[in-house]
Amino acid sequence: SFMPNSTLTVSGVAVSGLLLGVVWYLLGFFFYATIFAAVGSLVSRQEDAQGVLTPVIMVIVIGFIFSINLLISNNDGTLTMVLAMLPPFAPILMPGLTAFGTAPVWLQIASFALTIGGIALVAWFGGRIYRNAVLRTGSRVSLRDAFRSA
């Protein structure tokens, strides 16, 4: 038998899940893009970029694999909930936790706010690095030197 109310409810949940997934995708994109921009400002030549970006890519990939495994194996555990609030893990964990129904609203709001704050912090940090690194040309600037002199 056809039950219109249950169809609307499932449809509403699917649409809200899709919208939250898109929001978290965009937040993750902006967070990681800002990290790449900040680290990329350490080099003055395109040839040096790969050496600076490879460690960042490795950390992101390891974090992604760890998060997905944690989401699959223990989606309601304390470690999963704590990591879901941290900006590097939130874009990966929060859509899954929301879809599983294990993320309370307060956790989603806290995770969203911390991710926005993380984007702002990384952008500030990247701007500070860029301000100093742009004055140097020719060789790669170490992260310590770029941040210290700014």
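This section describes the helices, a surface patch, a pocket and several residue pairs of one chain.

The model is predicted. The chain holds six helices and zero strands, and its pattern along the sequence reads α-α-α-α-α-α. Of the 150 residues in the chain, 32% are buried.

Helix α1 covers residues 4-40. A nonpolar patch on the surface is formed by L18, V22, Y25, L26, F29 and F30. Together these residues present about 650 Å² of accessible area. One of them, L18, is placed in helix α1. The relative accessible area of L18 is 60%, so the residue is exposed, the cut-off for this class being over 50%. In general, an α-helix has 3.6 residues a turn, so residues three or four places apart point the same way.

The loop between α1 and α2 contains L42. This residue is classed as buried because its relative accessibility is 5%, and buried means under 20%. In sequence, L42 and N132 are 90 residues apart. In space, the C-alpha atoms of L42 and N132 are 9.1 Å apart.

Helix α5 spans residues 105-133 and includes I119. With a relative accessibility of 15%, I119 also falls under the 20% limit and therefore counts as buried. The partner considered for I119 is F31, at a separation of 88 residues in sequence. The C-alpha to C-alpha distance between I119 and F31 is 5.1 Å.

Helix α2 comprises residues 49-73. F66 has its place in this helix. A relative accessible area of 39% makes F66 partly exposed, because the value lies between the 20% limit for buried residues and the 50% limit for exposed ones. F66 and F89 are separated by 23 residues in sequence, and their C-alpha atoms are 9.3 Å apart in space.

F89 is also among the residues that line the second largest pocket. The space in this pocket amounts to about 160 Å³. Its lining is made up of Y32, I35, V56, V59, I60, G63, F64, P88, F89 and I92. Two elements, α1 and α2, give two or more residues to this lining. The most is given by α2, with five residues. By character, the lining of the second largest pocket divides into nine nonpolar residues, one polar residue and no charged residues. The polar residue is G63, because Gly is counted in the polar class.

I92, which belongs to the lining of the second largest pocket, is also a buried residue of helix α4. This helix runs over residues 90-100. The buried residues in α4 are A90, P91, I92, L93, M94, G96 and L97. L93 lies in this helix and has a relative accessible area of 0%, so L93 is buried. L93 and N75 stand 18 residues apart in sequence. Their separation in space, from C-alpha to C-alpha, is 8.8 Å. Just after α4, G101 adopts a positive phi of about 80 degrees.

Among the residues described, L42, I119 and L93 are thus buried, with relative values of 5%, 15% and 0%. F66 is partly exposed at 39%, and L18 is exposed at 60%.

Methods. Residues are numbered from 1 along each chain as its sequence is written. This is a predicted model: local features need pLDDT of at least 70, side-chain atom pairs count only at pLDDT 80 or more; totals for chains, interfaces and linings use all residues. Side-chain values use heavy atoms; hydrogens and water are left out. Patches are made of residues with over 30% relative accessible area and no salt bridge: like charges are joined within 9 Å, nonpolar side chains (Val, Leu, Ile, Met, Phe, Trp, Tyr) within 5 Å. Accessible areas come from the Shrake-Rupley method with a 1.4 Å probe; for residues, only the protein chains shown count as cover. A salt bridge is a side-chain nitrogen of Lys or Arg within 4 Å of a carboxyl oxygen of Asp or Glu. Helices (H or I, at least four residues) and strands (E, at least two) are DSSP runs, numbered from the N terminus. Buried means under 20% relative accessible area, exposed over 50%, partly exposed in between (1.4 Å probe, protein chains only). On a 1 Å grid over the protein atoms alone, a cavity is a set of points where a 1.4 Å probe fits but cannot get out, and a pocket is an open set with protein on both sides within 12 Å along at least five of seven lines; lining residues have an atom within 4 Å of a point. Grid points are joined across faces, edges and corners, and a volume is the space filled by probe spheres set on the points.
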